[in-house]
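This report is meant to be read beside the sequence and the structure, and it moves from the whole of one chain to some chosen places in both.

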Amino acid sequence: MRLFVSDDAAAVACGADAVAARADALGAEVVRTSSWGLHWLEPLVEIETDDGRIGYGPVAAADVDALLAGELEQRRIGDIASHPFIRRQTRLTFARAGRTRPLSLDDYAATGGWAGLEQARAIGPEAIVQQVTTSGLRGRGGAGFPAGIKWETARRAAGPRKYIVCNADEGDSGTFADRMLMEGDPFCLIEGMAIAGLAVGADKGFVYIRSEYPHAIAKMEAAVRLCAHLVAPFEIEVRVGAGAYVCGEETSLLNSLEGKRGEVRVKPPLPAIEGLFGRPTVVNNVLTLAAVPWILANGGPAYADFGSGRSRGTMPVQLAGNIRHAGLFETAFGLTLGELVHDIGGGTASGRPVKAVQVGGPLGAYFPPSLFDTVLDYEAFAARDGLVGHAGIVVFDDTVDMARQARFAFEFCAAESCGKCTPCRLGSVRGYETMARVLAGEDAAANLALIEELCETMTFGSLCALGGLTPYPVLSAIRHFPEDFAR
Amino acid sequence: MCSWQGLDSAVTDANAQLDAIIAAHQGREGPLLPILHEVQRAFGCIPEDAIRHIAHALNLSRAEVSGVVGFYHDFRRAPEPLPVIKLCRAEACQARGSDALARWAEEAAAGRVAIETVYCLGLCSVGPSAMVGSEVHARLDPAALDQLIERAA
Ligand SMILES: Cc1cc2nc3c(=O)[nH]c(=O)nc-3n(C[C@H](O)[C@H](O)[C@H](O)COP(=O)(O)O)c2cc1C
Ligand code: SF4
Ligand code: FES
């Protein structure tokens, strides 16, 4: 009997290794694949049958004997590829998720792998950048900057030495798509980086992965070794962060790679002109780079066919926190927040009413259900003082106290500030203390007025978005949930 | 303070190990973080003696290397005597009850295990989550956490 069990860290954290070990001990052949992203069903086990793979989940190690004896029908999910959660998605970047073995070069090549790189080699730098520009692809790391413009800047910058840096610092709470991509389809990221290298004339790439991701680090290191001959002369090195959220900011990341304190640099100069070791450097998020092989293989216009407004293509949305159908949902831009939370996410896991949703990580705004008509689109979120960011959606039920969430936003900023500017370094501490007073019921009105002022100082006086956007979660919580602050 | 002072032979061994670590990375572009990671893996912290050694080898000042060590949450100057459980306290895990779980963890650990805070392990769809070494654990409730603590203690 042949079984498929994911080796994605989310599956492993839910017990997938023990499930695989038990199945193996019972004589089954266990194939470790990437995760489909239906995390509420992990560990998900698929059994190969004459009618295709049949999924069961969640399966604990103690359930495996029953499963193999055909006595776990109550956990039968059926064919995963035709599950509504998968069928409603548009999987371009995550096309292989759940289907292939992450480190199998055969699986990768058999599912269209390297077609983008081949095309890139055939058409050359200018045409590559042209394809990426027409695709409308924007940076998936947070700021949404057009990838084509960044690449063109680096392409035109004087060489000879240039770098491609993949930002795999993924520090935002509620996000895990970078991790899943690196663990589940590492060659796809490598292919994207190699294409970027060809486009701008760089022959060296770094993947900067946060230290909290040991599984992703191991997979990427193995993958880099396995396919070195296929991307040569382009070379990739995996580097590991050291537990600093701010190192996700691109210039801080470059300092960290250079072996310095991860302080944010003043821009300009842009990294594309003067980046790593002062050389032209493309810094892109994992998902930005991983979207590129598809774009090259299918053409920029095909990618641009998906989307909404100026947000083209697809976004791997991450449904997290207190949500029933938690996991990865890649979709063209254009769904509403309400559709994502309720229709797809199934509401809260606790069964209680949804009270608030934070989108875009710790610097993203909290949305109340009354704003669930907001469309997933960079401009639509900005128009409501929020951000799509890395598209993590964290759901809270009605037991959440928004004043505590506002206080946490300051606490996080204080803990992770790089210390370079005063409004961020000191403002966050002041904000935390002031919000603690609000929580204690001390003169809420006066203290909230103080916080508004403080937020204005942080917004306008901070060098980077850590200090500059911490006011988003704070002010959105105050604005949309005033009852939690009247104490 | 983290140090290998004591037996002369221990000092010699440690120095040899340190030299080997530095030599393995010195030729790389931006070798400092890889070196610090490996030193910490080998010694459980970044000893003062190592900072001097590394600074010398990389042609940096001690203050520069110290500044880097101090900047990153991962690097310790003193070894952690207790086993460590890193518990996620970021928003997605908060939404699944990590605050209450953290209070529970402190009590259950009773000083035998260090409960450290981390902000996000990328397991936000299956929280609350924790990491022990490089092992990951999700869907934690008090019972599962008790087990983790007892196993670590
Ligand atoms: C505090 C802070 C943290 C950030 N963290 C990340 C991160 O973890 N991953 C990421 O790709 N971008 C992060 N960014 C955005 C990067 O600075 C940069 O915009 C991005 O890496 C560019 O790549 P992209 O255009 O492909 O998105 C962060 C920015 C700030 C201000
Ligand atoms: S806003 Fe904060 S994190 Fe950003 S540069 Fe200033 S001090 Fe550093
Ligand atoms: S918020 Fe806890 S794992 Fe992401």
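Helices, taken as H or I runs of at least four residues, and strands, taken as E runs of at least two, are DSSP runs numbered from the N terminus. This is a predicted model, and every value below is computed from it.

## Chain A as a whole

Chain A holds 22 helices and 16 strands. Its radius of gyration is 23 Å, close to the 23 Å that the globule rule gives for 487 residues, so chain A is as compact as a globular protein of that length. Along the principal axes, the C-alpha trace of chain A spans about 70 × 60 × 40 Å. Of the 487 residues in chain A, 62% are buried, and the chain exposes about 16800 Å², of which carbon and sulfur atoms supply 52%. When contacts in chain A between residues at least 6 apart in sequence are considered, 71% of them join residues at least 24 apart. Chain A carries 45 positive and 58 negative charges, and the mean positions of these two sets are 4 Å apart.

## Backbone features in two loops of chain A

One loop of chain A, between α13 (250-257) and β9 (281-285), contains P268(A), and P269(A) has its place in the loop between α13 and β9 as well. The peptide bond from K267(A) to P268(A) is cis, and a cis peptide bond also joins P268(A) and P269(A).

Another loop, between α17 (378-383) and β16 (392-397) of chain A, holds D385(A), and A391(A) is likewise placed in the loop between α17 and β16. D385(A) has a positive phi although it is not a glycine, and A391(A), which is not a glycine either, also has a positive phi. Are these residues buried or exposed? D385(A) counts as partly exposed, with a relative accessibility of 40%, whereas A391(A) is buried, with a relative accessible area of 1%.

The angles at these places are set out here.

| Place | Angle |
|---|---|
| K267(A) to P268(A) | omega near -5° |
| P268(A) to P269(A) | omega about 5° |
| D385(A) | phi about 55° |
| A391(A) | phi about 60° |

## Helix α2 of chain B and its surroundings

In chain B, helix α2 (residues 32-43) has 12 residues and reaches 16 Å from its first C-alpha to its last, close to the 16 Å expected at 1.5 Å a residue. This helix is mostly covered, for 9 of its 12 residues are buried; among them are L32(B), L33(B), P34(B) and F43(B). After α2(B) comes G44(B), whose phi is positive, near 80°.

L32(B) lies in helix α2 of chain B and counts as buried, at 3% relative accessibility. Which residues does L32(B) contact, leaving aside its neighbours within four places in sequence? They are G259(A) from chain A, together with I54(B), L58(B), L60(B), V65(B) and V68(B) from chain B. The C-alpha atoms of L32(B) and V65(B) are separated by 8.2 Å, although these residues are 33 residues apart along the chain.

V65(B) and V68(B) belong to helix α4 (residues 62-71) of chain B, where they are buried along with S66(B), G67(B), V69(B) and F71(B). The cover over the buried residues of α4(B) includes α2 and α3 (48-58) of chain B.

Notes. Residues are numbered from 1 along each chain as its sequence is written. Chains are lettered from A and ligands numbered from 1 in the order in which they are written. This is a predicted model: local features need pLDDT of at least 70, side-chain atom pairs count only at pLDDT 80 or more; totals for chains, interfaces and linings use all residues. Side-chain values use heavy atoms; hydrogens and water are left out. The radius of gyration is taken over C-alpha atoms; the globule rule is 2.2 Å times the number of residues to the power 0.38. Buried means under 20% relative accessible area, exposed over 50%, partly exposed in between (1.4 Å probe, protein chains only). Contact means heavy atoms within 4.5 Å. Accessible areas come from the Shrake-Rupley method with a 1.4 Å probe; for residues, only the protein chains shown count as cover. Lys and Arg count as positive and Asp and Glu as negative; His and the chain ends are not counted. The place of a charge is taken as NZ of Lys, CZ of Arg, CG of Asp or CD of Glu. The expected span of a helix is 1.5 Å times one less than its number of residues.
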